[in-house]
Structure formats: structure tokens, C-alpha cells
Amino acid sequence: MSNKKNIFSLSFLVAAIFAVMAIPAFCAESNVDEEMENLSADAVAAYNVDGSLFEQITNLEQEKVLMQLEKERAQLDLELDRLAAEKIKLHMEIDSLSGRAEQQQQELENAQAKLEAEAEKLEREKEAFAAETEAAAARATSSSSSSSKSDENTETGINLSKDYRLVNVFGAGAQLQATIKNLSTGQDKRISVGKVVDGYTVKSISLDEGIVFVKDGNTQTLNVTSNAK
């Protein structure tokens, strides 16, 4: 027990000695750090950057930044110019479309007016054609009526002495025949009792009276004397 106490006391004494010795060293190290910090601050404060490498590097970086900014500004200017040109082009297209729309509207109005004029013209022509058709029908009816009347007058107003001439009478008794000439054609025609000439029937043939024609109670005589007239 006595030995253990002595060993412990000796160890404690040695540790105390080392602790006392370390205190001045620690204090000295702390003073050195403070002096270094003070020296760094003074050196930084007294450092002149003019013409130094640091200044050159800083200026170069600033120039790079400025060049990039200039490049971006030029690109923006180009974009603005392009947008301005696109805007002008768009306005021109809008004006062109507006002008074409007005022109097309005018063309449509002109075409519509032309169609209306054509329709009115066709309607007038239709009315005129209808009037002409009615007038033509009326004229045709009037002409047909006049023609019918003329035919009736011609039928009832035939004068055989103006159309024919007695050439001769030949034969004997009831067998007498005659030759007449058509004054229009110059042809001779032989006739006998009962024959029909222009709707008139030969009633009798004689040397004295010539040829007697009868139709519906109307009697005409063709002889030498009537031909002389």
C-alpha cells in the first residue's frame, strides 16, 4: 500500500510539471497567431492593385462580360429589327387582304347588278316575244280569215270567159264537143257535156250558143262573142 501511494503521487507530480510547462508555450502560440492576423490585415490594406496581375485578370473578366453583353444586345437588336420587319409585312398583308376583300366585294356587287340587268332584259324580251306571238297569232287568224273569204270570193267569182277561149265546136247532135284554150298556160283542152272545168259542169254545147257552164245555179257561157269581148 505504501508503494502504490508513492507511485501515484509521483505520477501526479509529473503531470503537474508538464501542465505548468505547456502554459507558456500555449500563450506564445496564441500571440504568434494574433501577430500573423494583424500582419495579414496590414498587408491587405497596404496592397496596391494598380497594374497588378489581379487587376489584369479582373479587367479581362470584365471585358469578357462586356463583350458577351454587347453580343447579346446586338442579337436583341437583330430580333427587334426582325420583329419590326415582320410587323410591317403583317400590316402590308392586312392592307392587301383588306384591299382584295373590298375589290372582291365590289366585283360581287357588279356581278349581281349585271345579273339583275340581264334578268330585267330577259323579262322585257319575254314580254316583247309574248306580244309578238300574240300579234302574229292575230295576224295569222286575220290572214286565214281573209284567205278563206278570198277563196270563197274566188270560187264564186270565177269568170270562165277571162280564163278560157273557145277554139272550135265539132261533132253532131248530142255528140257535139268543143276545144277550149287555157289563156294562162296556152294549153288546149277538149270537153264534152258533163265535163267539169274549174268547178263548173258543161251543161250544153251548140254552134249558136257556144258552151254553157253551170254551178250551184250560176250559169256562164263561153262563145266566140264572149271571147271577142
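Begin by selecting aspartate 216, which counts as exposed at 77% relative accessibility. The model on the screen is predicted. Aspartate 216 sits in the loop that joins β6 (210-215) to β7 (218-222). Inspect its backbone as well: phi is positive, about 50 degrees, although the residue is not a glycine.

Next, select aspartate 198. This residue belongs to the loop between β4 (196-197) and β5 (200-206). Its phi is near 50 degrees, again a positive value in a residue other than glycine. Is aspartate 198 buried, exposed or partly exposed? Its relative accessible area is 39%, and because the partly exposed class lies between 20% and 50%, aspartate 198 is partly exposed.

Proceed now to asparagine 223, located in the loop between β7 and α4 (224-228). With a relative accessible area of 18%, asparagine 223 is buried, since buried means under 20%. Which residues does asparagine 223 touch, leaving aside those up to four places away in sequence? Display Leu166, Glu209 and Gly210 to see these contacts.

Finally, move to helix α2 (residues 53-156) and select leucine 66, which lies within it. Leucine 66 has a relative accessible area of 52% and is therefore exposed, as the exposed class covers values over 50%. Add Val65 and Leu69 to the selection: together with Leu66 they make a nonpolar surface patch of about 280 Å². Showing the molecular surface around Val65, Leu66 and Leu69 will bring this nonpolar patch into view.

Methods: Residues are numbered from 1 along each chain as its sequence is written. This is a predicted model: local features need pLDDT of at least 70, side-chain atom pairs count only at pLDDT 80 or more; totals for chains, interfaces and linings use all residues. Side-chain values use heavy atoms; hydrogens and water are left out. Helices (H or I, at least four residues) and strands (E, at least two) are DSSP runs, numbered from the N terminus. Buried means under 20% relative accessible area, exposed over 50%, partly exposed in between (1.4 Å probe, protein chains only). Patches are made of residues with over 30% relative accessible area and no salt bridge: like charges are joined within 9 Å, nonpolar side chains (Val, Leu, Ile, Met, Phe, Trp, Tyr) within 5 Å. Accessible areas come from the Shrake-Rupley method with a 1.4 Å probe; for residues, only the protein chains shown count as cover. A salt bridge is a side-chain nitrogen of Lys or Arg within 4 Å of a carboxyl oxygen of Asp or Glu. Contact means heavy atoms within 4.5 Å.
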